Amino acid sequence: MPIIKYLDQQSFTEALFNPEQQGQIAIIYFSASWCQPCKNMQPIFEQLPLYLDSSAINFGIVDIAQSPTLAPMYGIKSVPSIALFNDSRLVAIVAGEVSLQHAITKIRSALPIN
């Protein structure tokens, strides 16, 4: 099972930009420690690797209270949000507290994964 990393500014960049890996996919969960919907949504996010072909996906969590500049850089206006990246480009955002099935459906429709 892939590891879900807690990301800061530097590790976020490393999760998105790997020049040696073509077609790199990253699924990043933006949350905040003070946000109750984020706390409710985190266990759902943590289940995603079990349902996606996760061998080539970087999964990460960004706490916007700890890294406040990352969310605005990618147009994340509310938390919780799941940002979907393909080749370091933001391709979709799943905003709000959603079900596991809804998140999986949105991710599969936005990214080239199984």
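Here, a residue counts as buried when its relative accessible area is under 20%. With that in hand, have a look at strand β2 of this predicted model. Both of its faces are covered: Ile 25, Ile 27, Tyr 29 and Ser 31 sit on one side, Ala 26, Ile 28 and Phe 30 on the other, and all are buried. In other words, 7 of the 7 residues of β2 are buried.

## The sheet

What surrounds β2? The strand belongs to an open sheet of 5 strands with mixed pairing, in the order β1-β3-β2-β4-β5. At the edges are β1 (4–7) and β5 (89–95), each pairing on one side only. On average, neighbouring strands of this sheet are turned by 25° against each other, if you ignore direction.

As a reminder, strands of a sheet pair through backbone hydrogen bonds, either parallel or antiparallel. Both senses turn up around β2. With β3, the strand runs parallel, and 7 bridges join the two; Ile 28, for one, has Gly 60 of β3 as its bridge partner. With β4, β2 pairs in the antiparallel sense over 6 bridges, and here Ile 25 has Asn 86 as its partner.

Moving outward, β4 and β5 also pair in the antiparallel sense, over 6 bridges. Two of the matches along this pairing are Phe 85 opposite Leu 90 in β5 and Leu 84 with Ala 92 in β5. The hairpin of β4 and β5 has 2 residues between the strands, and Asp 87 takes a positive phi near 50° there.

Like β2, strand β4 is mostly covered, with 6 of its 6 residues buried. Ser 81, Ala 83 and Phe 85 point one way from β4, while Ile 82, Leu 84 and Asn 86 point the other way, and all are buried.

## Helices on the sheet

Now for the helices that go with those strands. Helix α1 packs on the sheet and touches β1, β2, β3 (57–63) and β4; its direction makes about 150° with that of β2. Helix α2 lies across β1, β2, β3 and β4, and runs at about 160° to β2.

Helix α4 (residues 100–110) joins in too. Which of its residues are buried? They are Leu 100, Ala 103, Ile 104 and Ile 107. These residues lie on the same side of α4, because they cover an arc of only 100° around the axis. That fits the usual helix geometry: an α-helix has 3.6 residues a turn, so residues three or four places apart point the same way. The buried residues of α4 pack against β2, α2 and β4. Gln 101 and Ser 109, on the other side of α4, are exposed.

## Aromatic pairs

Rings add another layer to the picture. The structure holds 6 aromatic pairs, and the table shows two of them, with their geometry.

| Pair | Arrangement | Centre to centre | Angle between planes |
|---|---|---|---|
| Phe 12 and Phe 85 | edge-to-face | 6.0 Å | 80° |
| Tyr 29 and Phe 45 | stacked | 5.1 Å | 20° |

Each of these links distant parts of the chain. Phe 12 is in helix α1 (residues 9–16) and Phe 85 is in strand β4 (residues 81–86), 73 residues apart. Tyr 29, in strand β2 (residues 25–31), and Phe 45, in helix α2 (residues 36–51), are 16 residues apart.

Are these rings buried or exposed? Phe 12 and Phe 85 are both buried, and Tyr 29 and Phe 45 are buried as well. Phe 12 and Phe 85 also belong to a cluster, in which ring pairs link them with Phe 30 and Tyr 74. Phe 30 takes us back to β2, where it shares a side with Ala 26 and Ile 28.

## The disulfide

One more feature is worth a look. How many disulfides does a search of the whole structure find? It finds 1. The link is formed by Cys 35 and Cys 38, with their sulfur atoms 2.5 Å apart. With 80° about the S-S bond, this link of Cys 35 and Cys 38 is right-handed. Both Cys 35 and Cys 38 are buried.

How values were computed:
Residues are numbered from 1 along each chain as its sequence is written. This is a predicted model: local features need pLDDT of at least 70, side-chain atom pairs count only at pLDDT 80 or more; totals for chains, interfaces and linings use all residues. Side-chain values use heavy atoms; hydrogens and water are left out. A disulfide is a pair of cysteine sulfur atoms within 2.5 Å. Buried means under 20% relative accessible area, exposed over 50%, partly exposed in between (1.4 Å probe, protein chains only). Rings of Phe, Tyr and Trp (its six-membered ring) pair if their centres lie within 6.5 Å; planes under 30 degrees apart count as stacked, over 60 as edge-to-face and the rest as tilted. Helices (H or I, at least four residues) and strands (E, at least two) are DSSP runs, numbered from the N terminus. Two strands pair if DSSP finds at least two bridges between them. Axes are lines fitted to C-alpha atoms, for helices over the stretch in contact, and angles run from 0 to 180 degrees between N-to-C directions. Contact means heavy atoms within 4.5 Å. The arc is that of the directions from the helix axis to the C-beta atoms.
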